[in-house]
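I am opening a fresh page for this model and will write down what I look up, entry by entry. The sequence and the structure come before my notes.

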Amino acid sequence: MHIDWELFTPETALTGGAILGVAVAILLLLNGEIAGISGIVAGLLRRNNAPADIQWRLAFIAGLIAAPVIYSAIYFRPSINLTNNLWLLTSAGLLTGVGTGLASGCTSGHGVCGLARLSPRSLFATLSFMATGFITVFIVRHLLASTSL
Amino acid sequence: MKSISAFISGLIFGIGLIVAGMANPAKVLGFLDIAGRWDPSLAFVMLGAIGISFFAFRLARRNRFSVLNGLIKLPAKTEIDWKLIGGSLLFGIGWGLAGICPGPSLVLLGAGEIRILSFIAAMLLGFFFVNQLNARINSQ
């Protein structure tokens with residue numbers, strides 16, 4: 001293991017994390033809902049949803065989409081480095097939808113909210129997606145990259 | 001009111017993701033690349049987020065009621081089953097392929113990264129599949 005100290009940003013990571021925690025607290029204590037993004041989005045696709053239920057979900061999603069616009073306007077454009085490979089993005093999206101749908105949660109629902117309320121279920125979920133996350137990057141960057149693929 | 005507080009929560013959540021570096025897929029992949037030049041920053045994101053959320057959930061458990069919307073809805077499921085583990089394992093593969101999870105995908109859309117629509121559309125399709133599957137299991 002070799003830590004890249006130039007890329008390591010513990011202060012902004014901790015600050016950003018604390019800001020996420022504030023957002024979780026607002027949705028939980030004001031709206032009584034869990035800030036799990038996969039659950040909030042997937043809830044839109046349920047049949048026979050009450051209009052009020054659809055409304056808060058869309059409002060939360062609108063906030064997420066507005067965030068980079070407002071951040072860029074008052075601060076600077078955040079650095080983003082996203083792959084151009086549409087097949088990769090589509091496969092990753094499908095795996096994310098099916099996976100977090102089956103598991104009823106993603107990095108926010110299990111990884112933040114679930115761990116914060118000390119749920120064993122969320123601990124197992126988080127360990128599972130972290131494990132395949134590490135393994136997938138290892139295969140893509142170190143095994144496939146070193147062959148002629 | 002409920003939509004306003006939800007919008008504000010989403011906005012703060014998105015800004016948190018940007019400040020933390022989670023909205024940059026390259027940064028996320030750097031965290032997942034333990035065998036390469038490892039960037040452990042995202043562990044600190046979890047630390048900060050869980051640190052604050054922990055107290056919010058303690059308060060939620062004590063008060064039981066939210067300010068605007070009645071009883072606070074806490075997840076009731078406790079079973080650790082194949083759907084939880086298998087689903088999480090699949091999600092991790094997707095996360096490792098592109099460095100994107102559901103929250104950041106929406107932030108990337110707002111940042112004008114149009115090709116993220118392919119990820120979001122596929123993710124919605126995935127949610128739809130699972131909804132159909134669950135409906136079938138429940139009707140049996």
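What volume does the second largest pocket have? I looked this up at the start and found about 310 Å³ for the second largest pocket, and I note beside the value that I am working with a predicted model.

**Entry: the second largest pocket**

I then went through its lining, which consists of 16 residues, and wrote down A:S79, B:I18, B:V19, B:A20 and B:G21 as those closest to the centre of the second largest pocket. Helix 1 of chain B supplies the largest share of this lining, namely 4 residues. When I sorted the lining of the second largest pocket by class, I had 10 nonpolar, 5 polar and 1 charged residues.

**Entry: the largest pocket**

I turned next to the largest pocket, for which I noted a volume of about 1,200 Å³. It is lined by 44 residues, and the ones closest to its centre are A:G39, A:R46, A:S104, A:G105 and B:K77. I also listed the elements that give two or more residues to this lining: on the chain A side they are helix 2 (37-42), helix 3, helix 4 (86-103), helix 5 and helix 6, and on the chain B side they are helix 4 and helix 6 (116-139). Helix 6 of chain B gives the most to the lining of the largest pocket, with 9 residues. By class, I wrote down 16 nonpolar, 17 polar and 11 charged residues for the lining of the largest pocket.

**Entry: the cavity**

How many cavities of 30 Å³ or more does the structure hold? I found 1 cavity of that kind, and I put its space at about 180 Å³. Its lining has 20 residues, of which A:T107, A:S108, A:V112, B:L17 and B:M22 lie nearest the centre of the cavity. The elements that give two or more residues to this lining are helix 5 (107-116) of chain A and, from chain B, helix 1 (2-20), helix 3 (41-63) and helix 5 (102-110). Helix 3 of chain B gives the most here, with 4 residues. I divided the lining of the cavity into 17 nonpolar and 3 polar residues, and I noted no charged residue in it.

**Entry: helices packed across the chains**

I wanted to see how helices of chain A meet helices of chain B, and I took two pairs in turn. Helix 3 (residues 51-74) of chain A packs with helix 1 of chain B at an angle of about 40°, and their axes are 6 Å apart. I counted these two helices as oblique to each other, because angles that are not under 35 degrees, not over 145 and not from 65 to 115 fall in that class. I recorded the crossing of helix 3 of chain A and helix 1 of chain B as right-handed. Their contact has 18 nonpolar, 6 polar and 1 charged residues.

For the second pair I took helix 5 of chain A and helix 3 of chain B, whose axes come within 7 Å and cross at roughly 45°. That angle makes helix 5 of chain A oblique to helix 3 of chain B. The crossing of helix 5 of chain A and helix 3 of chain B is right-handed. I went back to my cavity entry at this point, since helix 5 of chain A and helix 3 of chain B both stand there among the elements that give two or more residues to its lining.

**Entry: aromatic pairs**

I counted 12 aromatic pairs over all chains. One pair I looked up in detail was A:F129 with B:F91, whose ring centres are 5.1 Å apart and whose planes stand at 65°, so I wrote the pair down as edge-to-face. A:F129 lies in helix 6 (residues 120-144) of chain A and B:F91 lies in helix 4 (residues 82-98) of chain B, so this pair joins two chains.

**Entry: the two chains**

Last, I set down the make-up of each chain. Chain A has 6 helices and 1 strand, and along its sequence I read the pattern β-α-α-α-α-α-α. Its C-alpha trace spans about 55 × 35 × 35 Å along the principal axes. For chain B I noted 6 helices and 1 strand, with the elements running α-α-β-α-α-α-α from the N terminus on. The C-alpha atoms of chain B fill a box of roughly 45 × 40 × 30 Å, taken along the principal axes.

Notes
Residues numbered from 1 in each chain as written. Chains lettered and ligands numbered in written order. Predicted model: local features only at pLDDT ≥ 70, side-chain atom pairs only at ≥ 80, totals over all residues. Heavy atoms only, no water. 1 Å grid on protein atoms, 1.4 Å probe; cavity = no way out; pocket = protein on both sides within 12 Å on 5 of 7 lines; lining within 4 Å. Points joined across faces, edges and corners; volume = space filled by probe spheres on them. Nonpolar A, V, L, I, M, F, W, Y, C, P; charged D, E, K, R; others polar. Axes fitted to C-alpha atoms, helices over the stretch in contact; angles between N-to-C directions. Left-handed = near helix turned anticlockwise from the far one by under 90°. Phe/Tyr/Trp six-rings, centres within 6.5 Å; stacked < 30°, edge-to-face > 60°.
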